[in-house]
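Open your viewer and keep the selection box at hand. We will go stop by stop, choosing what to select and then looking at what is there.

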Amino acid sequence: MSALIMICTLAVAGLEYHSTDNIDDIASTFKYGSSKDLAKFFDQGIDINISGNQGDYSKSQAELVMRDFFKKFPPNDFSIVHKGNGSDQIINYIGTYSSDSSEFRVFIRGKKDETNIRIYSLDIVKV
């Protein structure tokens, strides 16, 4: 009986860890400039605004936009400076992205389900 309780506890803890781990995974994609890995978190359609250049993109188009951004501004560091949840399904994060030549504030908006975050909006503003 105690073994069954322990297994259930570990399973639930693992699920909770996985769902909160997504933002760390997203932060890593910015930190290492991986548009391919970042695109795994994109919703089917995503609004991207990079310093006033705004567009609505498909998941694959958004990956290309972010690849160009990372090429133009190779990452030095990225960190999440604010975590806010509008509701159980809506997430809002603010991060700081730095490259050799510039620093940006990154606003990440998404929705979450049991295990994943799906980003539907990225605003990247030069500081």
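Select K71 and K72 to begin: both are exposed, on the other side of helix α3 from its buried residues. Exposed here means over 50% relative accessible area, buried means under 20%, and partly exposed is in between, using a 1.4 Å probe and protein chains only. Helices and strands are DSSP runs numbered from the N terminus, with H or I over at least four residues for a helix and E over at least two for a strand.

A word on the model before going further. It is a predicted one, so local features need pLDDT of at least 70 and side-chain atom pairs count only at pLDDT 80 or more, while totals for chains, interfaces and linings use all residues. Residues are numbered from 1 along each chain as its sequence is written, and side-chain values use heavy atoms, with hydrogens and water left out.

Now turn α3 around and select A62, V65, M66, F69 and F70, the buried residues of this helix. They share one side of α3, because they cover an arc of only 135° around the axis, the arc being that of the directions from the helix axis to the C-beta atoms. While the helix is on screen, check its length: the end C-alpha atoms of α3 are 20 Å apart, in agreement with the 20 Å that its 14 residues should span at 1.5 Å a residue. The expected span is 1.5 Å times one less than the number of residues.

**The aromatic rings**

Keep F69 and add F73. How are these two rings arranged? The pair is tilted, at 5.4 Å centre to centre and 45° between the planes. The rule for Phe, Tyr and Trp (its six-membered ring) is that rings pair if their centres lie within 6.5 Å; planes under 30 degrees apart count as stacked, over 60 as edge-to-face and the rest as tilted. F69 is buried at a relative accessible area of 4%, and F73 is buried at 13%.

Next, bring in F104. Its ring and that of F69 have their centres 5.2 Å apart and their planes at 75°, so this pair is edge-to-face. F69 lies in helix α3 (residues 59-72) and F104 in strand β5 (residues 103-112), so the pair ties together parts that are 35 residues apart in sequence. F104 is buried too, with 2% relative accessibility.

To see the wider picture, select F30, F69, F70, F73, F78, Y97 and F104, which ring pairs link into a cluster. The count of aromatic pairs comes to ten.

**Along strand β4**

Move to G95, found in strand β4. Is G95 buried or exposed? G95 is buried, with a relative accessible area of 0%. Contact means heavy atoms within 4.5 Å; leaving aside neighbours within four places in sequence, G95 is in contact with F78, S79, I80, V81, F104, R105 and V106. For V81, the C-alpha to C-alpha distance from G95 is 5.2 Å, although the two are 14 residues apart in sequence.

Then select S99, which is also in β4 (residues 90-99). S99 counts as buried at 7% relative accessibility. Beyond four places in sequence, S99 touches F73, P74 and N76.

**Strand β1 and its partners**

Select residues 42-50, strand β1. Seven of its nine residues are buried, so β1 is largely enclosed by the rest of the structure. Strands pair if DSSP finds at least two bridges between them. With strand β6 (residues 117-126), β1 pairs in the parallel sense over five bridges; look for I48, whose bridge partner in β6 is L122. With strand β2 (residues 53-58), β1 pairs in the antiparallel sense over six bridges, and here N49 stands opposite Q54. The β1-β2 hairpin has two residues between the strands, and S51 takes a positive phi near 45°.

**Zooming out**

Show the whole protein: three helices and six strands, running α-α-β-β-α-β-β-β-β from the N terminus on. Of its 127 residues, 36% are buried.

Finally, colour by pLDDT, the predictor's confidence in each residue, from 0 to 100. The average is 85, and 82% of the residues score at least 70. Residues 2-20 stay under 50, and the model has four contacts for them beyond four places in sequence. Where pLDDT is low, the predicted coordinates should not be read in detail.
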